[in-house]
Amino acid sequence: MDNIGILEALLYTAGDEGLEASQLAEILDIDLTALSDLIESYQSEGLAIQKYGNIYILTSKKEAASYIEQLVEQKSNMKLSQAAMETLSIIAYNQPLTRSDIELIRGINSDGAVRTLIARGLIEAKDNEQSRSHLLNTTDLFLNVFGLEKIEDLPTTEEDEEEMEDFFSNLVNQKGDSK
């Protein structure tokens, strides 16, 4: 695989957090000028490499925006996957937390689930001043969909086990009704 393919694979894997120029150059074993030239030469029908500060991110091209919007609308009518439900419950009970935190808890990459939950408006990503990672929190829509007035109304282990089971049963039955 050539450097352009490796670059694309790295940025795809990094997701919307992207990678720093110095990290990319080090992995590709090239200098920053060669990295800049490599990025300039990147061509794809539907993807582009965007630079934000010192971070590079693989994104879709602006021309695809209307199609992506249609996909998001269609997906918002679909049920949440088990991974999305697990991710949502982890965020709800442990917020705010980063994607890395979720990965540590679940033991698996959860970027797809996080993107789905953001697209559905159930969670939001906020800038974190301590790092370049985003902090994930549930939204007012989450509270609305699951009939909660405030996040503190989530069942806890201190409460009756039956209430918690009822809540998660309701959570599973609500899959896809978040629109």
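In this predicted model, aspartate 29 sits in the loop between α2 and α3, and although aspartate 29 is not a glycine, it has a positive phi of about 60°. The two helices joined by that loop, α2 (residues 21–28) and α3 (residues 32–41), pack against each other at an angle of about 95°, and α3 also packs with α1, at an angle of about 85°. Elsewhere, the second largest pocket lies between domain 1 (3–64) and domain 2 (78–172), because both domains give residues to its lining.

**Helix packing around α3**

- The axes of α2 and α3 are 9 Å apart, and because angles from 65 to 115 degrees count as roughly perpendicular, the angle of about 95° places α2 and α3 roughly perpendicular to each other.
- On the α2 side of this contact are Ala21, Ser22, Leu24, Ala25 and Leu28, which meet Leu32, Leu35 and Leu38 in α3.
- The residues of the contact of α2 with α3 divide into seven nonpolar and one polar, with no charged residue among them.
- Between α1 and α3 the axes are 10 Å apart, and these helices, too, are roughly perpendicular to each other.
- From α1 the contact draws on Asn3, Ile4 and Leu7, while α3 contributes Leu35, Leu38, Ile39 and Ser41.
- Five nonpolar and two polar residues, but no charged ones, make up the contact of α1 with α3.
- Leu35 and Leu38 of α3 therefore take part in both contacts, meeting residues of α2 as well as residues of α1.

**A cis peptide bond before α6**

- The peptide bond that runs from glutamine 95 to proline 96 is cis, with omega near -5°.
- Proline 96 is placed in the loop between α5 (82–94) and α6.

**The second largest pocket**

- This pocket has a volume of about 160 Å³, and the elements that give two or more residues to its lining are α1 (3–14) and α6 (99–106).
- With three residues, α6 supplies the largest share of the lining.
- The lining is formed by Thr13, Ala14, Asp16, Glu17, Gly18, Arg99, Ser100, Glu103, Asn109, Asp111 and Arg132.
- Sorted by character, the lining residues of the second largest pocket comprise one nonpolar, four polar and six charged.

Notes:
Residues numbered from 1 in each chain as written. Predicted model: local features only at pLDDT ≥ 70, side-chain atom pairs only at ≥ 80, totals over all residues. Heavy atoms only, no water. 1 Å grid on protein atoms, 1.4 Å probe; cavity = no way out; pocket = protein on both sides within 12 Å on 5 of 7 lines; lining within 4 Å. Points joined across faces, edges and corners; volume = space filled by probe spheres on them. Helix = DSSP H or I, 4+ residues; strand = E, 2+ residues; numbered from the N terminus. Nonpolar A, V, L, I, M, F, W, Y, C, P; charged D, E, K, R; others polar. Domains from an automatic or database assignment. Axes fitted to C-alpha atoms, helices over the stretch in contact; angles between N-to-C directions. Parallel < 35°, antiparallel > 145°, perpendicular 65-115°, else oblique. Contact = heavy atoms within 4.5 Å.
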